[in-house]
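This briefing sets out selected local features of a single structure for use at the bench. The points are grouped by topic after a short lead.

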Amino acid sequence: MAFCICASSSSLFSIFASTPAINPISTTTAPALCSLRIVLHFPRHSFLSLSSSRISKNPLRATPPPRYVYPDPIPEFAEHETRKFRAELLKKLSEEKETFGDDLNHVIEVCAEILSDFLHEEYGGPGTLLVEPFTDMFTALKERRLPGAPLAARVSLLWAQNYVDQDWQVWNSNLQR
């Protein structure tokens with residue numbers, strides 16, 4: 001197969017494909033039609049020529065990337081972190097006595113119980129801290145008609161984001177010594 005690219009004096013380009021059977025531009029009329037003529041010849045099936053020796057007998061297969069498996073929760077860490085959380089939450093929410101009134105200890109217990117369950121059952125280190133336990137805190141406080149549910153859930157979430165992953169790393173680095 002051959003391709004002929006011609007440019008006329010008016011700068012219009014035309015592309016003609018010619019085959020051995022049909023040749024729209026003969027060698028005698030081409031100089032008259034074109035001031036520039038480029039003919040490229042490609043052997044038939046040149047892009048499909050494969051020898052059987054080049055084909056692998058073991059086809060390539062996609063393999064999934066290695067999957068990181070998070071460690072199981074550590075009960076001792078969960079208990080330690082829950083105690084720390086309870087103390088910090090009491091300290092933070094005590095500043096809002098007008099919001100919580102006499103229900104402050106109930107609010108802290110609900111939040112600490114939910115965080116403890118999460119740390120015991122699901123938390124496996126950095127990358128596994130979820131928002132779900134904090135939305136559960138909000139919902140549980142609302143269902144029990146305890147005051148300050150949005151504030152307690154938000155303070156709990158912020159505390160966890162700032163300390164849980166960091167405390168996990170410190171806990172595990174102390175275990176390796």
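R145 is exposed, with a relative accessible area of 74%. In this predicted model, R145 sits in the loop between α5 (132–143) and α6 (149–175). The salt bridges and the surroundings of I114 follow the notes on this loop residue.

**Loop residue R145**

- The backbone of R145 has a positive phi of about 55°, although R145 is not a glycine.
- Most residues other than glycine have a negative phi.
- With a relative accessible area of 74%, R145 counts as exposed because that class begins over 50%.

**Salt bridge between D167 and K84**

- Two salt bridges are found in a search of the whole structure.
- One of them joins D167 to K84, and the closest N and O atoms are 2.8 Å apart.
- D167 belongs to helix α6 and K84 to helix α2 (residues 75–93), so this pair ties together parts that are 83 residues apart in sequence.
- D167 is buried, at a relative accessible area of 13%, whereas K84 is partly exposed, at 28%.
- The value for D167 falls under the 20% cut-off, which means that this acidic partner is classed as buried.

**Salt bridge between E109 and R86**

- The side chains of E109 and R86 also meet in a salt bridge, with an N to O distance of 3.2 Å.
- This pair links distant parts of the chain, with E109 in helix α4 and R86 in helix α2, 23 residues apart.
- E109 is partly exposed, with a relative accessible area of 41%.
- R86 is likewise partly exposed, and its relative accessible area is 29%.

**Surroundings of I114**

- I114 is located in helix α4, which covers residues 104–121.
- I114 is buried, with a relative accessible area of 16%.
- Leaving aside neighbours within four places in sequence, I114 is in contact with P133, D136, M137 and A140.
- For one of these contacts, M137, the C-alpha atom is separated from that of I114 by 6.6 Å, although the two residues are 23 residues apart along the chain.

Technical notes. Residues are numbered from 1 along each chain as its sequence is written. This is a predicted model: local features need pLDDT of at least 70, side-chain atom pairs count only at pLDDT 80 or more; totals for chains, interfaces and linings use all residues. Side-chain values use heavy atoms; hydrogens and water are left out. Helices (H or I, at least four residues) and strands (E, at least two) are DSSP runs, numbered from the N terminus. Buried means under 20% relative accessible area, exposed over 50%, partly exposed in between (1.4 Å probe, protein chains only). Contact means heavy atoms within 4.5 Å. A salt bridge is a side-chain nitrogen of Lys or Arg within 4 Å of a carboxyl oxygen of Asp or Glu.
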